[in-house]
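User: Can you walk me through this one? I'll throw short questions at you.

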Amino acid sequence: MNPDTIITRFAPSPTGFLHAGNYRTAIFAYLCAKRSPRGIFILRIEDTDKERSKKEYEDNIIETLAWLGITPDQTFRQSEHSGRHRELLEKLIAEGHAYRSAETPTEENRRSEVIRFRNPNIPVTFTDVIRGPITMDTTDLGDFVIARSIDEPVFHFAVVVDDADEGISHVIRGEDHISNTPRQILIQRALGVPTPVYAHLPLVFGPDRTKLSKRRGAKALTEYRDLGYLPEALINYLALLGWHPENNQELFSLEELLRVFNLSRIQKSSGIFDETKLLWYNAEHLKRLSSEAFEAVLRDYLQREGSSVPEYLEKIIPLLQERSTTLKEAADALGNGEFSFFREAPITPELLIKGAKTDAETAKRHLVHLETLLIDIPESAWDAGFLKEQLFGYADQEGRGVVLWPLRTALSGKEKSPDPFTLLALLGKQESLARIGKAITALV
RNA sequence: GGCCCUAUCGUCUAAUGGUUAGGACAGCGCCCUCUCACGGCGUAAAUCGGGGUUCGAAUCCCCGUAGGGUCACCA
């Protein structure tokens, strides 16, 4: 094995939906492994807690990782290794590093016998890549439990065995595991397996500065997909929450991250998950897409949400792309929002003059004049640029607001919309003239 | 409480003994503009406190303080 090859794992327990902080850990572990030659990233489902582990959660983890594009090279389930756990447990007992211990069953702990580790009661020092050397006295751990029975290893024992068997070179996990590390090192020494490199990531908190949790409104990551976020945006945001490149670059694709990511630039202090900044990343990544790619992801999104795809979608893709910060926003704009002008333009005399600061008579006069100008423009020349050329002189001369506001509202039926030239081009000559005619009538 | 970790604008962060403490998001203002969005420009905003060390400290050391983690037959 190449000594530069890094093998990392993401080892969630399928006992609930994972939040952004968990996936940030996965992203860092993935980047760390994949930056090295032939690096391997392993997904290990830690399902030793049989009561609380659920298939539903496991599926969600796999689905989310796939959506993010963080593909594991191998996937294990910890329960698959139970034979190996038992074997090493027996070895430890035979060698005197562990022993069967008689217990008095209590309300919570029903067993009358468990397997305990014979604690040498020594200080253990390990070097964390992010924090430097950390020393802890293991004495107060006592002879801790490593298995509920010979066939039911506890987390601390199972991780050590699996990490060793899978050849994990770097353990990248949350800071909440720092105090677990010394006892795991004790087990490693008893087993005679190497101690991996440890990198304990700072935690991610919610805006209320408390640990991210479902209870406090933290979303399962798939909810962001449903809200119209791009996986690229989540990856980019999460990677830069607690890590920073050497320059000021903010926008990264996964491939770009793979080129510059480095464990040594990870922050020591915990960060706060900021949805506002995530939204900005999403808007930026949406803008970076080619219009073909944008259309494709939007169609996917509409399909997944069960929304209909309007026949004019293709025409307004550029507008949608520029104006949307999420795919949901684009979908909403398409449905009943600012782009519904494609279906209908409900006008009232009030709307037609509202922002023009003029009276109905004047607005009508301008619309009539514009109508005569437009009638002469052939369909073959009917594009936004040319239309603006033809009409802008008049608007400039008469007052832009007083001319353009009635025109724009006549076409869109809305106070807020794209500019009138874009609208004319989008609607086509026939529909545009029909709407202008309607507006003129309304102003009588 | 014991043990452990952490501490720069509201948020994410840069600056590894010498900078007017830099950037980004959000905020605010201005410009562009018929409206909305985009875009451009600008503005405000921080080294937790106290002691050292040093010619010089955001940076190194100590003590406080604050926040967090962990003390399971959960992971």
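User: Start with R435. What does R435 touch?

Analyst: R435 touches F341, F342, R343, E344, A345, A410, L411 and L427, leaving out residues up to four places away in sequence. Contact means heavy atoms within 4.5 Å.

User: Ground rules before we go on?

Analyst: This is a predicted model: local features need pLDDT of at least 70, side-chain atom pairs count only at pLDDT 80 or more, and totals for chains, interfaces and linings use all residues. Residues are numbered from 1 along each chain as its sequence is written, chains are lettered from A and ligands numbered from 1 in the order in which they are written, and side-chain values use heavy atoms, with hydrogens and water left out.

User: Where is R435 placed? And is R435 buried or exposed?

Analyst: R435 sits in helix 17, residues 420–442. Helices (H or I, at least four residues) and strands (E, at least two) are DSSP runs, numbered from the N terminus. R435 is buried, at 6% relative accessible area. Buried means under 20%, exposed over 50%, partly exposed in between (1.4 Å probe, protein chains only).

User: Switching to the three-strand sheet. What is the strand order?

Analyst: The order is 1-2-3, in an open sheet with parallel pairing. Two strands pair if DSSP finds at least two bridges between them. Strand 1 (7–10) and strand 3 (74–77) are at the edges. Each has a single partner strand, so one side of each lacks a neighbour in the sheet. The twist averages 25 degrees from one strand to the next.

User: How many bridges join strand 2 to strand 3?

Analyst: Four, with strand 2 covering residues 40–45. L43 stands opposite T75 in strand 3.

User: What does helix 1 touch in the sheet?

Analyst: Helix 1 (residues 20–34) packs on the sheet and touches strand 1 and strand 2. Its direction makes about 165 degrees with that of strand 1. Axes are lines fitted to C-alpha atoms, for helices over the stretch in contact, and angles run from 0 to 180 degrees between N-to-C directions.

User: Now W67. Which residues does W67 touch?

Analyst: L221, R225, Y229, L230, P231 and L234, again not counting residues up to four places away in sequence. W67 lies in helix 2 (residues 55–68). W67 counts as buried, at 18% relative accessibility.

User: Last topic, phi. What is the phi of N121?

Analyst: About 55 degrees, positive although N121 is not a glycine. Most residues other than glycine have a negative phi. N121 is in the loop between strand 5 (113–117) and strand 6 (123–128).

User: And K357, buried or exposed?

Analyst: Exposed, with a relative accessible area of 78%. Phi of K357 is also positive, near 50 degrees.
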